[in-house]
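Here's a quick tour for anyone opening this model for the first time. Have the 3D view ready and follow along.

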Amino acid sequence: MKNRKLKRYLASVQVPGYSPQGLQETIARAGEIQFFPEKQRMTNLQFFRNQLRFIGKEFWGMKFIFTGIFLYLILSGSAEPDSWIMTAAAISGPIVFMADANILCDIFWRGMLELQMTAKHSLRKVLICRMLVSGIADFLILACAASAFTLAKGIYLRQTLLYMVVPYNLMCFGCLAVLNRRIEENTMLYCMTWGILLTFAIILSKSAGIPLFEVRYTGNWLFFGGISALGAIWEMKRLLKFGGGNVDEVSVGTFV
Amino acid sequence: MKLALERLSKQFKNKIAVEDVSTVLTEGIYGFLGANGAGKTTLIQMICGIVEPTAGEVKLDGKNTISMGEDFRDLLGYLPQEFGYTPGFTAKDFMLYISSIKGLEPRFARKRTEELLRLVNLEDEANHKVRTFSGGMKRRLGIAQALLNDPRILILDEPTAGLDPKERVYFRNLISGMSRDRIIIISTHIVSDIEYISDRILVMKKGRFILDGPAEELVREVDGGVWECAVPRKEWPEFEQEQCIVNAHNRDHVVEARVVSRKMPREGARMVEPTLEDLYLEYFGDEL
């Protein structure tokens, strides 16, 4: 049965006539693949995978340590609206984003930008790649932390997510704004300053007795969440437009 | 392969950096020579697609290079004037990172990194942090990264800054051996970097090409205008003020000088063979 099928298939195959030119072309192409790997280039997917190798161990280390500490705090602390554990949830966003800011600032290092703007894979692609990695990692961390918080303390998930995501968005907005202003080697310093300011603002509010985490303040959280999300999207678009890309990346340059 | 610069201009606010520059470059070595601030870097940044021209365009085989995007950048190797690196990178990390953004297949990237680090004599430093490197070592690393993708168009902005004389000679020989099937542009204000290896030298001043041709042809511009003479020491200050001096060497009671001058600078001066450096001083002497 199988043989009959195979015979029918073989009979249906049209074998092209012998062509010396075709043979030469096949040999030449095979030779090129074998002997000229320099002509081989990565696909976009391979490029994305390859870029992951350049996101340092510090990045993953910081995320890992943060997650561990935060889970410990959740499981050991009290979850009353006036407790410090809620404050810890709120400051987690800026802290989580600090590692992201570091990997984004790395590619804007002085003198590095020009090299990246003249390489095959545009700066925009490198940025998208890093934003995707950090965004997915942060989403997973914050979602896991919020879920653990809800499960352990019985607080609404949406409330916990709100307290975590709004400061995260504010941090993201500020850092992208700094990156867009190209302060080069001081970029990370400014991002850290912004993160510390946000963290202190939350801690000081708590110390001053402002009941930030009471339900009546949800509207304020939502307001700041909306503003910061819009701001972050706007700055991200700006960064991708002026920081890299086939056409738009040409607008940056040093003079003479 | 034909790289055409068509009426390129760049204006930064009220300062014109490059003005109406046009030329066609084919395979070979081109030296962009000019004083600091002549507009060389801006012109190079426009060719590379880093800076958008205020007017004009760059075309490769008739296609606009900005529209070509990745296809153009895949052919490009570039060493910027100020070359940076992410802190914490070793030489090998840096080379592999640049290979990645150049899209090189990872196995080939590792092989090419080893080859090039050997070529620029940095193989023993491959695992050392770039921030610990001297200026010359960083420059050599910069040259190596520009060669990673075996570029058809190689653009080097002040490539020999920080290199010692031996490294300069090595670099010149290296570049000279690569010019057969690619366009190499070297931007510099150091005449000796390009004098002997360039097929064509384009002299830039105030954002324009003022001279264009092979070194021997350009040197003819100052034929009969270069002199050597001995000037008594007490007459030297006045002489130095009046003339364009290339070299001066103090002897016992006289100063032996090489002078660029359209007429005999003083009695007893003898005419000598001009060099590209003499030509450079003829055009840029007033900017010193």
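What follows goes from the contact between the chains, through the core, to a few local details.

Keep in mind that this is a predicted model. Let's start where the two chains meet: 30 residues of chain A are in contact with 35 residues of chain B. On the chain A side, the elements giving two or more residues are helix H3 (44-52) and helix H6 (112-117) of chain A. The largest share, five residues, comes from H6(A). Sorted by class, this side of chain A has 14 nonpolar, 10 polar and six charged residues.

Chain B itself splits into domain 1 (3-220) and domain 2 (222-287). Their centres, taken over C-alpha atoms, are 34 Å apart. The two domains do touch, with 11 residues of domain 1 of chain B in contact with 11 residues of domain 2 of chain B. On the domain 1 side, helix H8 (191-195), strand S9 (200-205) and helix H9 (215-219) of chain B each give two or more residues. H9(B) supplies the largest share there, three residues. That side of domain 1 of chain B has eight nonpolar, no polar and three charged residues.

Here are the two contact sides next to each other, by class.

| Side | Nonpolar | Polar | Charged |
|---|---|---|---|
| Chain A, touching chain B | 14 residues | 10 residues | six residues |
| Domain 1 of chain B, touching domain 2 of chain B | eight residues | no residues | three residues |

Which residue of helix H11 (residues 276-284) of chain B is worth a look here? Try Leu276(B), which has its place in that helix. Leu276(B) counts as buried because 22 other C-beta atoms lie within 10 Å, and the cut-off is 20 or more. Leaving aside neighbours within four places in sequence, Leu276(B) is in contact with Val191(B), Glu195(B), Ala215(B), Leu218(B) and Val219(B). Take Leu218(B): in sequence Leu276(B) and Leu218(B) are 58 residues apart, yet C-alpha to C-alpha they are 7.4 Å apart in space.

Now for the core. In soluble globular proteins, nonpolar side chains tend to be buried together. The largest nonpolar core here has 138 residues, and those touching the most other members are Met164(A), Cys175(A), Phe94(B), Met95(B) and Ile155(B). Domain 1 (3-220) and domain 2 (222-287) of chain B both give residues to this core, so it lies between them. Zoom in on Met95(B): beyond its neighbours within four places in sequence, Met95(B) is in contact with Thr113(B), Leu116(B), Leu117(B), Ala144(B), Gln145(B) and Leu148(B).

Chain B also has an open sheet of four strands, in the order S12-S13-S11-S14, with antiparallel pairing. Strand S12 (244-250) and strand S14 (270-271) of chain B are the edge strands, each pairing on one side only. S14(B) pairs with strand S11 (residues 226-232) of chain B over two bridges. Within S14(B), Met271(B) is the bridge partner of Trp227(B).

Finally, two helices. Is helix H1 (residues 40-48) of chain B mostly covered or mostly open? Mostly covered: nine of its nine residues are buried, including Lys40(B), Leu43(B) and Cys48(B). Just after H1(B), Gly49(B) takes a positive phi of about 90°.

Over in chain A, helix H7 (residues 123-153) has 31 residues, so at 1.5 Å a residue it should span 45 Å; its end C-alpha atoms are 44 Å apart, which agrees. Gly154(A) follows H7(A), with a positive phi near 70°.

Conventions: Residues are numbered from 1 along each chain as its sequence is written. Chains are lettered from A and ligands numbered from 1 in the order in which they are written. This is a predicted model: local features need pLDDT of at least 70, side-chain atom pairs count only at pLDDT 80 or more; totals for chains, interfaces and linings use all residues. The expected span of a helix is 1.5 Å times one less than its number of residues. A nonpolar core is a set of buried Ala, Val, Leu, Ile, Met, Phe, Trp, Tyr and Cys residues joined through C-beta atoms within 7 Å. A residue is buried if 20 or more other C-beta atoms lie within 10 Å of its own, exposed if 12 or fewer, and partly exposed in between; C-beta atoms are placed from the backbone. Domain bounds come from an automatic or database domain assignment. Two residues are in contact if their C-beta atoms, placed from the backbone, lie within 7 Å. Ala, Val, Leu, Ile, Met, Phe, Trp, Tyr, Cys and Pro count as nonpolar, Asp, Glu, Lys and Arg as charged, and the others, Gly among them, as polar. Two strands pair if DSSP finds at least two bridges between them.
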